[in-house]
Amino acid sequence: MHRLRRWGPGLLLLSPSLILLGVFVYGFLGWNVRVSLADWRGLRPDYAYDGFDQYTRLPDDTRFTDDLNNVVVFTIAFVVGTLVVGFVLALLLERGVVGEGFLRGVFLFPMAISFIATAIVWRWLLNNSAGRQQTGFNEVFDNLGLDFLVNNWFKSDTDWAPAAIALPAGWALSGYIMALFLAGMRGVPDDLREAARVDGANEPRVFWHVVRPMLLPVVTSAVVILAHISLKTFDLMFAMDVESRKIETPALYMWFTTYDGQNFSRGAAIATLLVLGISLVIVPYIWYSVRAERRR
Amino acid sequence: MTSFRARGRAFLAAIVVMSLVASGCGDDDDDAGGGGDGGASTEFEFFSWWTGGGDSEGKEALLELFQEQNPDIEIVDSAIAGGAGTNAQADLANRLLQDDPPDSYQRHAGAELSDDIEAGEVEPLNDLYEEEGWNEVFPETLLELITVDGDIYSVPVNIHRSNVMWYNPAVLEEAGIDAPPTTWDEFLDQAETLEAADITPLTIGPTWTQEHLLENVLLGELGPEAYNGLWDGSTDWESDEVIAALDMFTEVLSHSNIDSAAADWQPALDPIIEGDAAYNVMGDWADTYFRVDQELAWEEEYAATTSPGTDGVFNFLSDTFTLPVGAPHEDLAMEWLRLAGSQEGQDTFNPVKGSIPARTDGDASLYTGYLEQPFNDWTDESTTIVGSLAHGVVADNAFKAEIDSALQEFAGSGDSAGFAEAVAAAYEDTQG
């Protein structure tokens with residue numbers, strides 16, 4: 001009775017969201033796994049258990065393995081690039097610039113644009129046509145005499161084509177990462193910096209020994225946010241060059257095989273692997289932050 | 001008043017969106033106007049992917065005619081844009097799975113509808129065909145292609161031609177070429193001349209346009225009979241003839257701008273208009289782009305002929321309308337299909353959309369400019385009719401999706417044997 005009184009109100013308050021989460025997130029996750037273990041093709045559902053065939057076939061599916069390579073290249077380029085750009089922007093703003101509020105807005109704004117619109121603009125900027133059809137960066141480079149910079153971007157024949165997609169993705173999100181870093185830097189109490197300065201530390205050393213350690217949690221959350229976005233990114237690739245093997249990722253393959261090919265089980269298997277991939281990033285982070293909070 | 005109306009429309013749109021999102025929850029479609037039993041329906045929902053460039057104008061002309069005939073009903077026009085219909089099809093698949101069909105929906109004629117038929121999602125329309133005498137006015141080959149086990153499930157409203165090669169006469173003249181090629185070998189000869197003059201011989205767009213080119217290279221190289229055999233198993237994908245035709249496709253692509261392929265079919269036509277490229281193989285919806293969007297003059301500023309090796313062959317695709325099982329307003333859906341299959345309906349829709357009627361008794365005076373060519377060929381009984389791969393006539397969704405996958409790789413690698421092996425395996429897997 002006493003226990004119920006302690007837990008009851010809280011539980012009651014949380015129960016709507018617990019139920020919704022339970023049904024719409026975890027329930028559907030389970031349903032998705034069930035579909036992935038069947039052999040459902042065509043419009044009529046077929047849940048008969050068919051073992052792990054869908055999963056064992058994927059490593060031999062060159063479309064899936066190509067897509068996997070692409071998403072790894074994209075993730076690395078996107079996460080590292082966005083972190084670096086966001087950090088540098090924050091560092092510059094933190095020094096105190098005229099019109100800081102305005103600049104913050106400018107850098108943050110691209111995030112407000114949907115990936116589809118971003119992709120349409122960048123598709124034009126990164127167009128690799130030559131001659132009269134030349135547009136975007138290549139045209140600028142060409143006109144400035146910087147011919148060596150003209151390249152094929154996301155139509156490149158190398159393995160680096162997906163890295164070109166990291167440009168628009170990074171453009172959209174580096175402002176957000178900048179805001180995270182800026183908040184982190186501003187969160188460092190001035191007393192600590194003062195104390196270090198009194199002890200004779202110069203500015204770089206103040207940054208290295210005082211500010212940097214306090215930014216670690218920011219970096220961790222930034223990496224988690226960026227990494228899971230990169231695994232889920234769909235609209236950018238879809239709008240830049242649909243069904244191009246050079247930049248396709250498993251998320252797109254899942255969509256095409258499910259809705260074009262009506263191979264629902266294969267789509268579910270890819271979706272399940274994507275969830276596993278994302279949880280590889282997120283679960284350690286949650287575990288780490290829960291532990292850190294307990295210690296406090 | 002107007003703002004009230006606008007608000008009402010916004011509310012309606014919101015309801016449509018909600019029903020798309022939340023249709024998992026079941027019957028959100030039982031409007032007060034009454035369903036199939038008792039009394040006439042007051043609402044009719046038509047689902048399509050026609051949203052732009054001639055398509056939506058044609059659709060609106062037909063819907064307007066339908067509204068005139070049924071002044072008291074409300075028409076809900078559910079259209080989803082993009083991806084040559086793939087986006088709409090994804091959404092439609094969800095609705096059919098949840099037993100929440102629209103009153104009629106658009107599908108390409110042929111195998112694309114076979115999944116719906118197998119799943120029991122559409123009603124047979126044989127009685128309607130009998131009643132309206134359609135068995136006599138549609139070409140026999142077309143009826144054969146849309147008949148499954150003796151039943152017909154859809155009403156073809158238009159015909160598009162896939163095997164069309166577009167060009168700019170001024171470009172050919174400049175390069176000293178008299179006429180477009182009649183075989184792909186001749187194309188390769190011309191390509192050298194064109195490249196010497198710094199003109200791109202052929203332009204290309206995203207993967208589906210490459211598939212469009214592939215089907216027409218296969219058709220031109222193999223001939224209609226062997227081409228048809230590719231889809232029913234009587235032509236072996238791994239035979240020498242098919243491999244040679246696939247090699248030809250690779251060679252043709254090597255004279256295209258595939259390395260900087262356009263993002264869609266319209267920008268792939270632009271270099272031809274601007275005089276930087278010679279040819280493009282695209283379906284005859286391209287005519288609307290040249291004529292209406294770019295305001296060019298037929299035969300002077302742009303021209304077209306059958307793609308190499310396909311003279312006397314009509315590689316068709318067609319939009320058809322269906323009667324879904326459990327359509328909420330079946331009486332109106334039937335009226336709609338009656339209109340779509342009628343001469344009046346088809347002659348209203350097609351000149352605006354830029355296609356020709358599926359019926360052979362259309363009014364020839366309405367089809368001028370480019371459309372004269374396909375109109376005459378379609379109604380000519382000596383023309384051989386075959387179906388398009390890229391547009392859902394000959395391969396069902398599962399088989400076609402596997403071909404798409406294999407083609408993505410083939411276009412990059414040029415490995416004909418590997419592609420043929422993958423497609424043959426996919427045929428076994430999905431059709432066997």
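## Salt bridges and a central strand: worked exercises

In β13(B), F321(B) is the bridge partner of Q106(B). The model is predicted, so local features need pLDDT of at least 70 and side-chain atom pairs count only at pLDDT 80 or more, while totals for chains, interfaces and linings use all residues. Residues are numbered from 1 along each chain as its sequence is written, chains are lettered from A and ligands numbered from 1 in the order in which they are written, and side-chain values use heavy atoms, with hydrogens and water left out.

**Exercise 1.** Find which strands pair with β13(B), and in what sense.

*Solution.* Start with the terms: helices (H or I, at least four residues) and strands (E, at least two) are DSSP runs, numbered from the N terminus. Two strands pair if DSSP finds at least two bridges between them.

Step 1: strand β3 (residues 104-108) of chain B pairs with β13(B) in the antiparallel sense, over three bridges.

Step 2: strand β6 (residues 154-156) of chain B also pairs with β13(B), antiparallel and over three bridges. Here V155(B) is the residue opposite F321(B).

Step 3: look at the side chains of β13 (residues 319-322) of chain B. D319(B) and F321(B) point one way, T320(B) and T322(B) the other way, and all are buried. Buried means under 20% relative accessible area, exposed over 50%, and partly exposed in between (1.4 Å probe, protein chains only).

**Exercise 2.** Work out which parts of chain A the salt bridge between R245(A) and D66(A) ties together.

*Solution.* Step 1: apply the rule, a side-chain nitrogen of Lys or Arg within 4 Å of a carboxyl oxygen of Asp or Glu. The closest N and O atoms of R245(A) and D66(A) are 2.9 Å apart, and the two form a salt bridge.

Step 2: place the partners. R245(A) sits in the loop between α10 (235-240) and α11 (250-260) of chain A and D66(A) in helix α3 (residues 62-94) of chain A, so the pair ties together parts that are 179 residues apart in sequence.

Step 3: check accessibility. R245(A) is buried at 11%, whereas D66(A) is partly exposed at 26%.

**Exercise 3.** Decide whether R107(B) and D116(B) are buried or exposed.

*Solution.* Step 1: their side chains meet in a salt bridge, 3.0 Å from N to O.

Step 2: R107(B) has a relative accessible area of 1% and is buried. D116(B), at 0%, is buried too.
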